[in-house]
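Here are my notes on the model you sent round. Have it open beside you as you read, since I go through it place by place.

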Amino acid sequence: FYNHGHYDVECLIRAIPSVVKSCENVKFIVKGSGPLEAYLKNLAEKLGVAQHVRFIGLVPYSEMAQFLSAADIYVSTSFFDSTSVSLLEAMACGLAPIVTDIPGNREWVEDGINGFLYPPRNHAALAEKVIQLAENSKLRTAFGRKCVDTVKKRATWEYCVSRMEAVYEEVIKR
């Protein structure tokens, strides 16, 4: 995922050489588009990993489930974000997330409990986390189950509406 300054897809591309040394059959799907697309494709070529990366551009919302269900791991390289809808969608699909260690992600991902956090801009740390999950299907599955539970408990319409109703009732009482 990338756009104007919110995501560091270069960090992901720079992590890929280390990942493919350990996990030869890994493929990366990069969703989105932006002014850095040509640069990122060229970088993948220069690093010798272009065959492991597929840039798919913008994806209609109606097709997102298809891409998420085909994946094993969700990676986000966001520098800053509030609650990420794409993270919640991935979690709801049971994907093990690897996301930047920023407040919006820490709200949903507990490092080592239901996914991994890594320092923004640190491609070596990102590669290490991807390798760890790529090589451990049991851990991916465990993280995925915990993610589904988290979303069911805290991100359903019913839960969110009931919380908003409680806030309104508290305001009315004042």
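1. Where does Arg121 lie? Look in the loop between strand S5 (116-118) and H6. I'd stop here for a moment: Arg121 is not a glycine, yet has a positive phi of about 70 degrees. Its relative accessible area is 60%, so Arg121 counts as exposed. Keep in mind that this is a predicted model.

2. Now the overall picture. The chain has eight helices and five strands, and from the N terminus the order reads α-β-α-β-α-β-α-β-α-β-α-α-α. Of its 174 residues, 41% count as buried. Among contacts with a separation of 6 or more, 64% are between residues 24 or more positions apart. The exposed area comes to about 10100 Å², with carbon and sulfur atoms supplying 53% of it.

3. The largest pocket deserves a look. Its volume is about 660 Å³, and 27 residues line it. Nearest the centre you'll find Lys27, Phe28, Ile29, Ala71 and Ile73. Elements that give at least two residues each to the lining are helix H1 (9-22), strand S1 (28-31), helix H3 (64-70), strand S3 (73-76) and helix H6 (123-134). As for the character of the lining, the split is 20 nonpolar, three polar and four charged residues.

4. Stay with Lys27 a little longer, as one of the residues nearest the centre of that pocket. Is Lys27 buried or exposed? With a relative accessible area of 56%, over the 50% cut-off, Lys27 is exposed. It sits in the loop between H1 and S1. Setting aside residues up to four places away in sequence, Lys27 touches Gln51 and His52. The C-alpha atoms of Lys27 and His52 are 4.8 Å apart, although 25 residues separate the two along the chain.

5. Next, helix H4 (residues 85-92), which is mostly covered. Six of its eight residues are buried, namely Ser86, Leu87, Leu88, Glu89, Ala90 and Met91. Note that Glu89 is on that list. And what does the covering? The cover includes H3, S3, S4, helix H5 (103-106) and H7. Just after H4 comes Gly94, with a positive phi of about 80 degrees.

6. The packing of H4 on helix H7 (residues 137-154) can be described in more detail. Their axes come within 7 Å and cross at roughly 120 degrees. On the H4 side the contact is made by Leu88, Met91 and Ala92; on the H7 side by Gly144, Cys147, Val148, Thr150 and Val151. By class, that is six nonpolar and two polar residues, with no charged ones. A general reminder for reading such a list: an α-helix has 3.6 residues a turn, so residues three or four places apart point the same way.

7. Thr100 and Asn105 are best read together. Thr100 lies in strand S4 (residues 96-100), and Asn105 in helix H5. Why do both count as buried? Thr100 has a relative accessibility of 1% and Asn105 has 2%, and buried means under 20%. Apart from residues up to four places away in sequence, Thr100 touches Ser76, Thr77, Ser78, Asn105, Leu117, Tyr118 and Pro120. Counted the same way, the partners of Asn105 are Leu87, Val99, Thr100 and Leu117. So Thr100 and Asn105 touch each other, and Leu117 appears among the partners of Thr100 as well as those of Asn105. Leu87 also ties this spot back to point 5, as a buried residue of H4.

8. Last, Leu43 in helix H2 (residues 37-46). At 7% relative accessibility, Leu43 counts as buried. Which residues does Leu43 contact, leaving aside its neighbours within four places in sequence? They are Glu10, Ile13 and Arg14. Leu43 and Ile13 are 30 residues apart along the chain, with 7.4 Å between their C-alpha atoms.

Notes:
Residues are numbered from 1 along each chain as its sequence is written. This is a predicted model: local features need pLDDT of at least 70, side-chain atom pairs count only at pLDDT 80 or more; totals for chains, interfaces and linings use all residues. Side-chain values use heavy atoms; hydrogens and water are left out. On a 1 Å grid over the protein atoms alone, a cavity is a set of points where a 1.4 Å probe fits but cannot get out, and a pocket is an open set with protein on both sides within 12 Å along at least five of seven lines; lining residues have an atom within 4 Å of a point. Grid points are joined across faces, edges and corners, and a volume is the space filled by probe spheres set on the points. Helices (H or I, at least four residues) and strands (E, at least two) are DSSP runs, numbered from the N terminus. Ala, Val, Leu, Ile, Met, Phe, Trp, Tyr, Cys and Pro count as nonpolar, Asp, Glu, Lys and Arg as charged, and the others, Gly among them, as polar. Buried means under 20% relative accessible area, exposed over 50%, partly exposed in between (1.4 Å probe, protein chains only). Contact means heavy atoms within 4.5 Å. Accessible areas come from the Shrake-Rupley method with a 1.4 Å probe; for residues, only the protein chains shown count as cover. Axes are lines fitted to C-alpha atoms, for helices over the stretch in contact, and angles run from 0 to 180 degrees between N-to-C directions.
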